[in-house]
Number of protein chains: 2
Amino acid sequence: MSDVKMIGPNVPNMPWQERGAETKGFMPVWRYSGNPIIGRNPLEGVARIFNSAVIPYEDGFIGVFRGEGTDGVPHIYLGRSQNGTDWTFEKEKIQFVDEAGNPFMPIYAYDPRLVKVEEVYYMMWCQDCYGASIGMARTTDFKTFTRIENPFLPFNRNAVLFPRKIDGKFMMLSRPSDSGHTPFGDIYLSESPDMVYWGKHRHVMGKNGDHWWENVKIGGGAAPIETTEGWLLFYHGVTGTCNGLVYSIGGAILDRDQPSIVKYRCANFLLTPQEWYEERGFVPNVTFPCATIHDAKTGRIAIYYGAADSYVGLAFTTVHEVVAYIKDHSRVSESDREIGLR
Amino acid sequence: MSDVKMIGPNVPNMPWQERGAETKGFMPVWRYSGNPIIGRNPLEGVARIFNSAVIPYEDGFIGVFRGEGTDGVPHIYLGRSQNGTDWTFEKEKIQFVDEAGNPFMPIYAYDPRLVKVEEVYYMMWCQDCYGASIGMARTTDFKTFTRIENPFLPFNRNAVLFPRKIDGKFMMLSRPSDSGHTPFGDIYLSESPDMVYWGKHRHVMGKNGDHWWENVKIGGGAAPIETTEGWLLFYHGVTGTCNGLVYSIGGAILDRDQPSIVKYRCANFLLTPQEWYEERGFVPNVTFPCATIHDAKTGRIAIYYGAADSYVGLAFTTVHEVVAYIKDHSRVSESDREIGLR
């Protein structure tokens with residue numbers, strides 16, 4: 001255990017389940033016994049919901065969900081929940097508008113994240129700009145979703161904003177890539193004074209040949225959680241096998257003031273596909289974290305992750321357990337520690 | 001012929017040679033009879049100079065040259081010339097400093113461009129940021145080269161700045177890519193208020209399956225030349241064969257106020273490898289434009305291009321001939337015409 005403290009709002013109604021007897025005590029993260037929380041054919045015309053992001057809102061929770069249509073094309077759907085485990089979805093995919101209020105829909109949209117900064121909710125996702133790119137929108141009421149400038153040139157995926165500005169700047173992680181099933185990928189940090197122009201790009205951490213579970217590529221997952229030890233980041237790490245890629249959940253702790261510096265990085269995955277809903281599906285062997293709900297008072301963390309590109313799973317830990325585990329198993333490389341422009 | 005006018009300074013001492021009898025009159029660009037202007041082993045420890053950029057300076061010309069060391073690693077060398085064809089090089093590669101004045105060298109640096117905006121000379125090149133990325137530096141005296149922020153996340157190559165701000169913003173073309181011998185690539189435009197933060201990324205034009213000589217990838221070449229018809233852009237277009245890629249020189253004219261809009265795009269290449277120094281070398285079959293010297297009064301244009309990753313070649317045209325040729329053979333696709341955020 002660690003005496004780390006989580007910094008942020010209290011969310012006493014967050015979903016929670018204590019570690020069960022069937023969960024090995026030496027693993028720092030345990031699954032919800034009711035998994036998957038979202039099953040197949042959740043909506044008319046939507047075959048699968050997965051890789052989705054949720055956040056506390058009003059007296060419950062709200063989320064943006066990757067819904068893969070029966071035409072095979074992904075779009076983003078709004079969902080609401082009172083308890084964080086039972087979700088109801090709007091029938092129509094989210095309709096975006098441009099800054100003048102005119103309809104402005106991406107051709108496709110997938111793997112959304114949802115982060116609140118200073119009373120505005122920002123959504124970021126992957127979409128087409130003649131290749132895989134980051135799209136962004138803002139909302140304050142979850143009724144009007146206004147697209148704002150794409151932050152980066154293609155090709156990029158897995159953008160996730162920090163939940164507060166640092167030194168007056170918005171900060172965002174992303175994973176530059178190519179336009180296909182990218183066989184490489186590191187996590188970078190960029191900053192913006194205004195959500196229009198981005199710069200001061202820094203390498204945060206890379207795929208790691210010494211950690212076989214993340215030796216192909218990595219990418220930001222849930223929005224970083226502020227703690228007294230630094231920013232707790234749940235991310236995905238990918239390895240390759242003769243029968244395809246395997247996506248596990250990893251953990252790292254980034255410096256609070258200069259988050260391109262990795263303070264601790266867990267050499268072990270925190271969670272890896274082993275349940276039927278993680279091993280079987282449209283893309284077998286994927287656990288892909290996109291959001292957490294967490295409560296500063298108790299230190300509890302609920303991790304929402306896509307499973308096998310077919311389901312949404314939920315897993316739990318506490319900031320004390322997971323930070324202790326990451327620190328105990330930390331192995332930080334020279335490039336993870338590097339500061340500044342290269 | 002076209003009644004287009006070039007906008008910019010007069011450079012009466014620019015290198016020039018009239019079209020020779022051996023040059024087919026129906027080709028809009030002709031080669032200098034003294035090509036290649038830079039041959040093998042130009043400097044001790046440097047095997048080849050190619051893909052380099054030059055600019056008028058004081059009473060002659062100055063340039064930044066990709067010198068491939070005998071260790072196989074590229075760096076940038078400074079060269080000077082009185083006539084634009086005979087060049088002398090500094091023995092030591094350019095030593096960069098950071099904004100505090102401390103040494104700050106890229107691990108490698110290649111394919112530099114050199115553009116003057118408001119009395120400052122900006123150099124941009126390709127370098128490593130855990131993958132191919134754009135590096136930038138500024139100088140006013142060609143003695144101190146100060147590295148500034150990398151404008152974009154990796155992976156990217158072929159960045160080239162416009163020679164003036166548009167609507168108060170720096171404008172730059174680039175070619176997002178992967179980190180290898182990228183098998184795709186379009187030209188994008190980005191803008192910056194301050195050379196630190198970049199945004200409002202727009203697609204300019206893509207590889208074109210209908211133009212077989214540029215059906216794999218394209219990339220910005222020389223800094224755009226302002227004309228009354230728009231920004232005249234010489235770029236490279238690439239096709240693939242069973243024995244490798246072939247790099248030709250293409251031409252397009254971009255809207256003066258919104259240069260992400262392609263007004264004209266030449267369906268034919270303007271120049272393609274056919275001479276021994278273009279077909280033979282470290283990378284056979286490459287003509288790769290990186291700079292022009294041009295004279296507004298006469299409309300003359302000298303194109304500097306890398307040849308076979310081994311030599312520097314020089315070719316000539318006039319703004320009247322080449323703009324007429326581009327317009328006469330223009331074929332602009334829907335994506336080339338697209339305006340705004342996608």
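This is a short talk on the contact between chain A and chain B, the enclosed cavities, and a few backbone features.

Before anything else, the model is predicted. Please keep that in mind for every value I quote.

I will start with the contact between the chains. Chain A puts 41 residues into it, and chain B puts in 41 residues. The area buried between chain A and chain B comes to about 3,400 Å². Carbon and sulfur atoms give 63% of that area. If you look at the chain A side, the residues that lose the most area to chain B are A:Tyr130, A:Tyr197 and A:Arg342. Together they account for 27% of what that side buries.

Now the polar part of the contact. How many salt bridges are there between chain A and chain B? The count is 4. One salt bridge to look at is formed by B:Glu149 with A:Arg202, where the closest N and O atoms are 2.9 Å apart. As for polar contacts, 21 residue pairs are counted between the two chains, with both residues at pLDDT 80 or more.

Which strands of chain A supply the touching side? At least two residues each come from β8 (120–128), β10 (145–148), β12 (170–176), β13 (187–192) and β14. The largest share comes from β14(A), with 7 residues. Sorted by class, the side of chain A that touches chain B has 18 nonpolar, 12 polar and 11 charged residues.

Next, the cavities. Searching the whole structure gives 2 cavities of 30 Å³ or more. The largest has a volume of about 100 Å³. Its lining is made of 17 residues, and those nearest the centre are A:Phe152, A:Leu153, B:Phe152, B:Leu153 and B:Pro154. The elements giving two or more residues to this lining are β14 (197–205) of chain A and β14 (197–205) of chain B. So β14 of chain A comes up in this talk twice: here in the lining, and earlier on the side that touches chain B. By class, the lining of the largest cavity has 13 nonpolar and 4 polar residues, and no charged ones.

The second largest cavity holds about 50 Å³ of space. What lines it? From chain A there are A:Cys129 and A:Tyr130. From chain B there are B:His201, B:Arg202, B:His203, B:Ser260, B:Glu338, B:Ile339, B:Gly340, B:Leu341 and B:Arg342. By class, that is 4 nonpolar, 4 polar and 3 charged residues. A:Tyr130, in this lining, is also one of the residues I named for area lost to chain B.

Last, the backbone. In chain A, a cis peptide bond joins A:Asn35 and A:Pro36, with omega about -10°. A:Pro36 sits in the loop between β1 (30–31) and β2 (46–57) of chain A. Another cis peptide bond joins A:Pro154 and A:Phe155, with omega about 5°. Here the second residue, A:Phe155, is in the loop between β10 and β11 (156–161) of chain A.

In chain B, I have two positive phi values in residues other than glycine. Phi of B:Tyr130 is near 55°, and this residue is in the loop between β8 (120–128) and β9 (132–139) of chain B. Phi of B:Asp309 is near 50°, and B:Asp309 is in the loop between β21 (300–307) and β22 (311–318) of chain B.

That is the end of the talk.

Note on methods
Residues numbered from 1 in each chain as written. Chains lettered and ligands numbered in written order. Predicted model: local features only at pLDDT ≥ 70, side-chain atom pairs only at ≥ 80, totals over all residues. Heavy atoms only, no water. 1 Å grid on protein atoms, 1.4 Å probe; cavity = no way out; pocket = protein on both sides within 12 Å on 5 of 7 lines; lining within 4 Å. Points joined across faces, edges and corners; volume = space filled by probe spheres on them. Helix = DSSP H or I, 4+ residues; strand = E, 2+ residues; numbered from the N terminus. Nonpolar A, V, L, I, M, F, W, Y, C, P; charged D, E, K, R; others polar. Contact = heavy atoms within 4.5 Å. Buried area = accessible area lost by both parts, 1.4 Å probe. Salt bridge = Lys/Arg side-chain N within 4 Å of Asp/Glu carboxyl O. Polar contact = N/O pair within 3.5 Å; in protein donor to acceptor, adjacent residues only side chain to side chain.
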